[in-house]
Every structure is written in structure tokens, then in C-alpha cells.
Amino acid sequence: MASKSVKTLGIFQKPTLFNKGIGALLPEAYKKFYKEWRFTEPTAVHYVPEPGRWKRDEVTGQVLPVQNVPIPLMYPKEHNNQMWGGEGIIQGFYQEGYQRRVPRFWLPILKRTVVYSEVLNKYMSVIVTNRTIDLINSNYGFDHYLLKTPACDLKSLLPLKLKRKVLQELQEGCPTYADQPEKQKEILKRYQSYLAAYTPEEIKWYGYSYTEACKMLRKQMSEQVKVVPLKQVYRSQLIEKLKAEKIEAASASSELEESGSWLRKINPFGKKHET
Amino acid sequence: MNKMFKYLSFALNTATNARIALLTPETIFHNQLRTTFVVKRRLPLRLNKQGRPPKNISGRHYIYDVVEQKHSQKDPEIDLILTTYVDGLGNVGDKISVTRTKAYNNLLLPGLAVYASPENLEKYKDYVYEGEPHSSPTAALTVKSLGRTSVSVVMNMETPWTLKPWHVKASFRKCGYIVPEEAITLPDKPITGPDMNKQNKEFFVTVTINNLETVNVRCRIHHWSNELVNRVPYTPYFWEQPSEAILPEQAPILETLPIKPKKRKQQ
């Protein structure tokens, strides 16, 4: 611990998601995705950003820096099952003239429609905003939209999950079009360029929430560790110890083990009795 | 039938020319920000210092003015390339421009069209259509519309007449269809009158559209007199009343022709 305090010059560092508990064990591939998802500035949707770095005050002529602070947005839990295309809920006040300001929510207009993924060859019924449809149109298709848009703009878990599935499908060479080799080749050619940005490890860890990633990691770790009951360990140790001392009972016991447990002999249902 | 589209196409051409000449809007932000509330803080935020944590956003910085409500704007149009023949729009490989909602729901999702991306433009550049020929995109719609009309051919009650294409042409004009005489083919047997046995009885004429598509149109004879006393009273919704064929050989075809659907409420 001494080395850590030396590194940080004795200043207390707040534990973050990736340096405490199981989060510290998450692979670099997931951290890269998380950075793209949470720590990247998304496209300005609900405000018009001011261009340039500096501006001059028209009256005084004073030079001031331009600081574009995004409008704070809210996302309900349900938005993870939908595709809002970068939109969010704005919570604020509305004030007319000198009247008292009144609280106001500006909500995105949602509608249910169908999106078609060419790579997965699937029609999906989803809840979207008009902006999502616009983005799909301007990117010439749902797959292009998913693959071109960074995670910070896709935002919710549903499109991120679909993006991972599309990437995995491309990685495997589009098995859905196995019976149409020409179309398969055409689709692979169209979308192959997107795969260059990711390694297989990154695709595997793409589009999970922090809790989902931790759950996945825990599962992976529990699969790796093979639990052997201590009973078996101690028994084999004892047998080996006895063998080392050349005691006859040891070999007999190993035979007994092969033939089965002594309980089976007593158990009336273990063997079919001839009557 | 060509005349029918003449003035319409002229009007459309002038409109598109004017649009190209006068309106060249810049749509850089337009595509990015649409269907959303774009807001602006009424009071500007205090400036943050370099290398310092950002200052708190207080209550008064949450007072917003709505700059734009993009969803209340007109549905914009997008460019598509048709992959099949679509009634009223065009043939395979045609580049069309339709509203966003119609394009997505009616053309892109069913797979009737693809986006006019550079890749697709290249693919459909030299496409040669091999299939049933169509004279114009709207010809099929005209066939459908004419096929379910019932034209009342109004003839004189006193003066003897034999039915001629110009009679039918005038009757078509009364129904709102401008049909040239040479496009109308009458039945082989001449229909003569005045004959009150033929009153309110049916026959059909064949209309040829752009010298290609043909459609059979149901017609009914109605006798007209200048004398008020002699006039046959008008039957409202006469096309819904069953009727007989004037020429018995036309009867089987007349039975197959569709009837104009009822629009008014059933009582």
C-alpha cells in the first residue's frame, strides 16, 4: 500500500468503477467501450452549439471564451428498450414575461415502427423517435446507422446490443445468408470495412452495461474454476500416502472405489434383484 | 388520354424549374436536428475557469426558450430508387422523391425501393426493364379509376340517333374524364335510339390509354327531353341499381366489371 500512496503523492483518490471490486478485473476491451459510451461528448441534439473558440462582446468589445455546456438530459429506465436516436427528456422551467416560472418537461415524441437489419435479415418492431428514422434514412439503412454511430449517440442498451449482434454476425461471415452465397458475398463486401475498427475481444465486450459486464465476468470466472470436493482431495491424498508406505489396504481400498460405494451394496434400489 | 396529362405535367415542370432556380436551401443542420425540441437557456451560464471544476448550474439556468419544434414542420422528402414497378410512382430504376413517412412505411420496408445512395445509383444506372410495359406511372391508376366508373350517356328522347364516340366523350367529360374520341372503341353492333326499352340499360366501351393499356368502362343510356313533362326522373346512385345489358353478348363481361364502392353511410 505504501507504493500506492507514493504514486498518488498521498492524495486520496476516490475509488472509481474500474479500480474497486470486480470492476478492476474487467478487460481493457470493455473499458474502451465504456469510455466511448459514457465519457464521450454526444452530438448536440437539443441545443445549437456556438461555433468557434472565442467571441467578442458586441457592446463592450470584450473577448470571451465560448463554452458550450450541453443541456442536462434525463433518461427513464424504459429508454433502454427503445431507440431515441440521441434525444432525451429535458427538465426545466418555462417562463412567460415577468410571470412566475413554471416547471416543464420537454419529452421526445415516440412511435412504434419496424426497422430492418440487412445483416441479421430481420424485421424488428421497436419504439423510436422521428429523429431515429431520419438518421437511418440519412445513413442509407439501419445497419449503416448502427455501425457508423458511436456508442455515446446510440445511448440506450437496445441499439448497442443490436450493434454487437451485427458485428458478431459480420465476424462470422453472415451465416444467415448461408443458402444465398452471392447475397452473402455482397453484404460482407458492403459492411466489411466497419470490422477494421474492432478486435474480436472488443466485439465480445461491446454494448454491455456495467452490471451486465460484471455479471458476465463473474460467470466467466466461475466457469474457469473447477470445484473439487475436499472429501475427494483428502481421500486421494491419504491413498497416496498409504501407497508410499506400501500398505496393502491402500490397493484394496482403490479396488473398492472402482467397484463402487459400499452404500450401493446395502441400497435395495441400487441393483436389480433376481427373484 | 395524352391531353389529360399535358397541362398537369406542364404545371409540374414549371414548379420544379422554379424550385431549382429560386430555392437552394442549405440543409446542413436541417438533417441533424429535426423532430426534436431545440432549446436555449434564457440566462447565460457563468464562465468556468480553466483547470477548475465547473461551476454549479443554478435554478435560473434551467429556464429554457424553445428555439425550434422540428416535428411540427412539414414532412421532408427523400430520394429513392424503385426496385419494382409501383402504381403512380414509376418503373424499376426510376429515381423518385417522396415524403419521409411514405417512403419509409410504404416503399422501403416492403422492399419496393432502395435509398438513392451512390452505390445504388451506380447499380441501377444502366438497368433495362424486362417485363410488362407501362406507358406512364399513373396509367395503372387511371385504369383502376376508369374501371369502376359508371358513365351515364345522355341521349335525346325525340331525335333519332346512333351512338358515336363523341357522345361517349361528352359523357366522360361530365364525369370529369377528358378522353379523346380516338381512344374510345364502341361495341361492334350499333346502338340506336330513341328507344325507351334501352333506358337505364348497360353496355361497355373500351378506352385505350396512351395507345397501350385498355380498360372496359360501364355505360348506361339515359334519355333526355327538352320538354319538362317528358323527362325521365333522375335516380340518385343509379350505378348501384342492378341493370340489364343492351347487347346480350356483352353481358358476361359486364358482370365481371367492378362497381364503384359506396361512400355514404348505410342507414
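This is a chat about the strands, helices and cysteines of a predicted two-letter chain set, A and B.

Me: Before we start, what kind of model is it, and how are residues numbered?
Reply: It's a predicted model, where local features need pLDDT of at least 70 and side-chain atom pairs count only at pLDDT 80 or more, while totals for chains, interfaces and linings use all residues. Residues are numbered from 1 along each chain as its sequence is written, chains are lettered from A and ligands numbered from 1 in the order in which they are written, and side-chain values use heavy atoms, with hydrogens and water left out.

Me: Which strands make up the mixed sheet in chain B?
Reply: Four of them, in the order S6-S11-S10-S8, forming an open sheet. Strands here are DSSP E runs of at least two residues, helices are H or I runs of at least four, and both are numbered from the N terminus. Two strands pair if DSSP finds at least two bridges between them.

Me: And which ones are at the edges?
Reply: Strand S6 (150–156) and strand S8 (184–185) of chain B, each pairing on one side only.

Me: What packs on that sheet?
Reply: Helix H5 (residues 139–147) of chain B does, touching S10 and strand S11 (213–224) of chain B. Contact means heavy atoms within 4.5 Å. The direction of H5 makes about 30 degrees with that of S11(B). Helix H6 (residues 165–174) of chain B packs on the sheet too, touching S6, S8, S10 and S11 of chain B, and its direction makes about 125 degrees with that of S6(B). Axes are lines fitted to C-alpha atoms, for helices over the stretch in contact, with angles from 0 to 180 degrees between N-to-C directions.

Me: How many bridges link S6(B) and S11(B)?
Reply: Seven, in the parallel sense. One facing pair is B:Val151 and B:Cys219 in S11(B). At the other edge, S8(B) and strand S10 (residues 202–209) of chain B pair antiparallel over two bridges, with B:Ile184 partnered by B:Val207.

Me: Why call S6(B) largely enclosed?
Reply: Because five of its seven residues are buried, meaning under 20% relative accessible area, with exposed over 50% and partly exposed in between (1.4 Å probe, protein chains only).

Me: Switching to cysteines, how many disulfides are there?
Reply: Zero over all chains, taking a disulfide as a pair of cysteine sulfur atoms within 2.5 Å.

Me: Why doesn't B:Cys175 bond?
Reply: The closest cysteine sulfur, in B:Cys219, is 8.6 Å from that of B:Cys175, too far for a bond. B:Cys175 is partly exposed at 36% relative accessibility, and A:Cys174 is buried at 0%.

Me: Now the two chains: how do H3(A) and H3(B) cross?
Reply: The axes of helix H3 (residues 130–138) of chain A and helix H3 (residues 100–108) of chain B come within 11 Å and cross at roughly 70 degrees. That makes H3(A) roughly perpendicular to H3(B); the cut-offs are under 35 degrees for roughly parallel, over 145 for roughly antiparallel, 65 to 115 for roughly perpendicular, and the rest oblique.

Me: Which residues make the contact?
Reply: On H3(A), A:Asn130, A:Ile133, A:Asp134, A:Ile136 and A:Asn137; on H3(B), B:Arg100, B:Tyr104 and B:Leu108.

Me: Is A:Asn137 buried or exposed?
Reply: Buried, with a relative accessible area of 7%. Leaving aside neighbours within four places in sequence, A:Asn137 is in contact with B:Ile78, B:Arg100, B:Tyr104, B:Leu108 and B:Tyr115.
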